[in-house]
Amino acid sequence: MKSLKAECSNIHCPSCGAAKVVLTDGDVFRCEYCDTKFNFDLDDIEPSTENKIMLEELKGLFSEKKALLEGEKQKYKNLLVYYSVKSSAKKSEILSVVCLLISVAFLFSVGISPFLALGAVPGIAAFILILLYRKKVYKKYHPFAQYFASKVVKYEEQISVYTKLLSKLTE
Ligand SMILES: [Zn+2]
């Protein structure tokens, strides 16, 4: 994801004084000239007029970054839902149970004649095959669901960092 650039901003590098900085992670900025990384202790900034303009800019950058992260999170959330549904294979589960129930019903209706009971075999076989298929589907799609779930968590963590920063700025 692209980082946010603040060119000619009110945020100055504490090392070289340049006003060309990039917001990287959390509240950490990187100076594009001297590569110094820095952040602000938001509780410690005096409310002078000059600082107020800078704080407004910080607020804008943090909001923008938060919105970007929320967009990314939603993308991964959609993928997570897609692969969760795929890996759960609910339809095949229901189908296998139906097959089994038909077989059981057949067994009951024909009594205990061993010859006629053979009629239940296809239903039981279908039950087992569908369960095996379901296992395969789970194995195939579950890792994707897990991967996207971890992504969603990662973005949620980052978003909460900006929520906290913004709440500090609006205090
Ligand atoms: Zn610098």
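D35 is a good place to start in this predicted model: with 10 other C-beta atoms within 10 Å, D35 is exposed, because a residue counts as exposed when 12 or fewer such atoms lie within that distance. Look for D35 in the loop between β3 and β4 (37-38). Its backbone deserves a glance too, since D35 has a positive phi of about 70° although it is not a glycine.

From there, step back along the chain to T24, which sits in the loop between β2 and β3. T24 has 14 C-beta neighbours inside 10 Å, so T24 counts as partly exposed. If you would like a distance to check in your viewer, try T24 and P47: these two are 23 residues apart along the chain, and their C-alpha atoms are separated by 25 Å.

Now let us turn to the interior. In soluble globular proteins, nonpolar side chains tend to be buried together. Here the largest nonpolar core has 13 residues, and V21, F29, L61, F62 and Y162 touch the most other members. At least two residues of this core come from each of β2 (20-23), β3 (29-31), α1 (49-88) and α4. Helix α1 gives the most to the core, with four residues. F62 makes a handy viewpoint: setting aside neighbours within four places in sequence, F62 is in contact with Y162, L165 and L166.

Next come the helices themselves. Two packed helices are described by the angle between their axes and the distance between the axes. For α1 and α4, the axes come within 8 Å and cross at roughly 160°. The cut-off for roughly antiparallel is an angle over 145 degrees, and α1 and α4 are therefore roughly antiparallel to each other. Helix α1 passes α4 in a left-handed crossing. Sorted by class, this contact of α1 with α4 has 22 nonpolar, five polar and 10 charged residues.

Helix α4 (residues 121-169) also packs with α2 (residues 90-110), at an angle of about 165° and with the axes 8 Å apart. These two helices are therefore roughly antiparallel to each other, and α2 passes α4 in a left-handed crossing. Which residues meet between α2 and α4? On the α2 side they are S92, E93, L95, S96, C99, L100, I102, S103 and F106; on the α4 side they are G123, I124, A126, F127, I130, L131, Y133 and R134. By class, the contact of α2 with α4 has 11 nonpolar, four polar and two charged residues.

Note on methods:
Residues numbered from 1 in each chain as written. Predicted model: local features only at pLDDT ≥ 70, side-chain atom pairs only at ≥ 80, totals over all residues. Axes fitted to C-alpha atoms, helices over the stretch in contact; angles between N-to-C directions. Parallel < 35°, antiparallel > 145°, perpendicular 65-115°, else oblique. Left-handed = near helix turned anticlockwise from the far one by under 90°. Contact = placed C-beta atoms within 7 Å. Nonpolar A, V, L, I, M, F, W, Y, C, P; charged D, E, K, R; others polar. Core = buried A, V, L, I, M, F, W, Y, C linked by C-beta atoms within 7 Å. Buried ≥ 20, exposed ≤ 12 C-beta atoms within 10 Å, placed from the backbone.
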